[in-house]
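Here is a friendly walk through one model, written to be read with the structure open beside the text. Please keep the viewer at hand as you go.

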Amino acid sequence: MIEVINLTKKFGAKLAVDNVSFKVNDGEIFGFLGPNGAGKSTTIKMITGLLSPDEGKIMVGGVDRLKDPISAKKKISYVPDNPDIYEKMTGKFYLSFIGKSYGLASEEIEKRSMEYAKIFEIENDLSAYIESYSHGMKQKITLIGALIVDPDILILDEPMVGLDAKSSYNLKKIMRERCDRGKSVFFSTHVMEVAENLCDTIAIINKGKLITVGSLEDLKEKAKDEGSLEKIFLELTDEESN
Ligand SMILES: Nc1ncnc2c1ncn2[C@@H]1O[C@H](COP(=O)(O)OP(=O)(O)OP(=O)(O)O)[C@@H](O)[C@H]1O
């Protein structure tokens with residue numbers, strides 16, 4: 001569970017996130033949609049602890065992220081939109097480092113790493129240095145690092161960008177399986193079809209403000225439209241900017 005209450009972040013005079021509140025329930029895939037510069041990554045960085053909010057409260061798995069950041073972080077795995085990770089580590093070393101940071105035993109790290117490396121088809125690249133990986137491979141190794149620790153809450157910033165079709169399909173399957181086990185997935189995306197087909201709840205943010213949050217059916221009702229999420233999204237974000 002993630003609960004964000006009246007979250008606000010300014011960069012100088014720029015109000016990047018403006019009084020945003022929402023709740024991600026256990027067992028839920030929550031899609032966070034918005035145009036470029038809407039405030040998605042800034043919100044995600046505040047939830048994960050990379051940025052401090054100016055105002056607001058963040059509860060992560062029942063823990064106050066601002067009062068007890070370490071306990072909150074233990075409940076989260078995060079894959080950023082830009083996988084700038086430790087270039088001088090091998091893939092295998094990186095996964096071991098992540099797994100140990102979360103207190104996993106070596107055998108468990110090895111087993112889970114191999115399992116996911118096979119799914120994402122980089123099992124033969126784990127001994128190579130990350131600096132030699134392609135962008136997509138870096139994204140995959142970060143994703144595998146996030147998955148092996150099996151957190152209650154998985155947070156993914158634009159996870160489908162850069163992944164090949166098969167990996168993207170497998171990731172969506174993994175996201176659904178995790179939620180079926182009562183865990184939650186929060187992810188940002190520009191890909192409407194992904195949000196439309198995968199999310200239990202969709203939130204739309206524009207210019208730092210949360211415009212709407214609900215199921216696809218709720219959103220259709222709100223936009224008084226039976227069309228695709230893309231049409232609804234354009235309608236709602238357009239209304240907001242008028
Ligand atoms: N470190 C920073 N310093 C100054 N302004 C920032 C900083 N980070 C973000 N911003 C501004 O805050 C706003 C929200 O940015 P954010 O990265 O959260 O958007 P986003 O929705 O993730 O966009 P995109 O889809 O393009 O990645 C933008 O106007 C951006 O320019």
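The sections below cover the sheets, the helices packed on them, the core, the ligand shell and a few individual residues.

## The six-stranded sheet

Bear in mind from the start that this is a predicted model. One good place to begin is an open sheet of six strands, in which the pairing is mixed and the order is β6-β7-β8-β3-β9-β10. Its edges are formed by β6 (76-79) and β10 (209-214), each of which pairs on one side only. From one strand to the next, the twist averages 15°.

Two pairs within this sheet show the mixed pairing. Strand β7 (residues 153-157) runs parallel to strand β8 (residues 184-189), and five bridges link them. Across this pair, isoleucine 155 has phenylalanine 186 in β8 as its bridge partner. By contrast, β9 and β10 are antiparallel, joined by five bridges. Here asparagine 206 has lysine 209 in β10 as its bridge partner.

## The four-stranded sheet

A second open sheet has four strands in the order β2-β1-β4-β5, with antiparallel pairing. The edge strands here are β2 and β5 (63-64), and each of them pairs on one side only. Seven bridges hold strand β1 (residues 2-11) and β2 in their antiparallel pairing. To find your way along this pair, look for lysine 10, which stands opposite leucine 15 in β2.

## Helices on the sheets

Helix α1 is worth following, as it meets strands of both sheets. On the four-stranded side, α1 packs on the sheet by touching β1, β2 and β4 (55-60), and its direction makes about 120° with that of β1. On the six-stranded side, α1 lies across β3 (29-33), β6, β7, β8 and β9 (201-206), running at about 150° to β7. The helix is mostly covered, with nine of its nine residues buried; among them are Ile44, Met46 and Ile47, along with Lys40 and Lys45. After α1 comes glycine 49, with a positive phi near 100°.

Helix α6 (residues 165-180) is another one to pick out. It lies across β3, β7 and β8, and runs at about 145° to β8.

## The nonpolar core

Which residues have the most contacts inside the largest nonpolar core? They are Ile144, Ile155, Phe186 and Ala203, in a core of 63 residues. Helix α5 (residues 135-148) gives the most to this core, contributing six residues. As a general rule, nonpolar side chains in soluble globular proteins tend to be buried together.

Phenylalanine 186 makes a handy centre for a closer look. Setting aside neighbours within four places in sequence, phenylalanine 186 is in contact with Ile2, Val24, Phe30, Phe32, Ile153 and Ile155. Ile155 thus appears here as a contact of phenylalanine 186, and also as the residue whose bridge partner in β8 is phenylalanine 186.

## Around the ligand

The ligand is surrounded by Phe11, Lys14, Ala16, Gly34, Asn36, Gly37, Ala38, Gly39, Lys40, Ser41 and Thr42. Two elements, β2 (14-24) and α1 (40-48), each give two or more residues to this shell. The largest share, three residues, comes from α1.

By character, the shell divides into three nonpolar, six polar and two charged residues. Lys40, Ser41 and Thr42 belong to the shell, and they are also among the buried residues of α1.

## Loop residues to look at

Three loop residues round off the tour. Aspartate 84 sits in the loop between β6 and α3 (91-101). Is aspartate 84 buried or exposed? It is exposed, because only 8 other C-beta atoms lie within 10 Å, and 12 or fewer counts as exposed. Its C-alpha atom is separated by 22 Å from that of isoleucine 109, which is 25 residues away along the chain.

Aspartate 150, in the loop between α5 and β7, has a positive phi of about 45° although it is not a glycine. This aspartate is partly exposed, with 15 other C-beta atoms within 10 Å. Lysine 207 also has a positive phi, near 50°, and belongs to the hairpin of β9 and β10, where two residues lie between the strands. Lysine 207 is partly exposed, with 16 other C-beta atoms within 10 Å.

Note on methods:
Residues numbered from 1 in each chain as written. Predicted model: local features only at pLDDT ≥ 70, side-chain atom pairs only at ≥ 80, totals over all residues. Core = buried A, V, L, I, M, F, W, Y, C linked by C-beta atoms within 7 Å. Buried ≥ 20, exposed ≤ 12 C-beta atoms within 10 Å, placed from the backbone. Contact = placed C-beta atoms within 7 Å. Near = placed C-beta within 6 Å. Nonpolar A, V, L, I, M, F, W, Y, C, P; charged D, E, K, R; others polar. Pairing = 2+ DSSP bridges. Axes fitted to C-alpha atoms, helices over the stretch in contact; angles between N-to-C directions.
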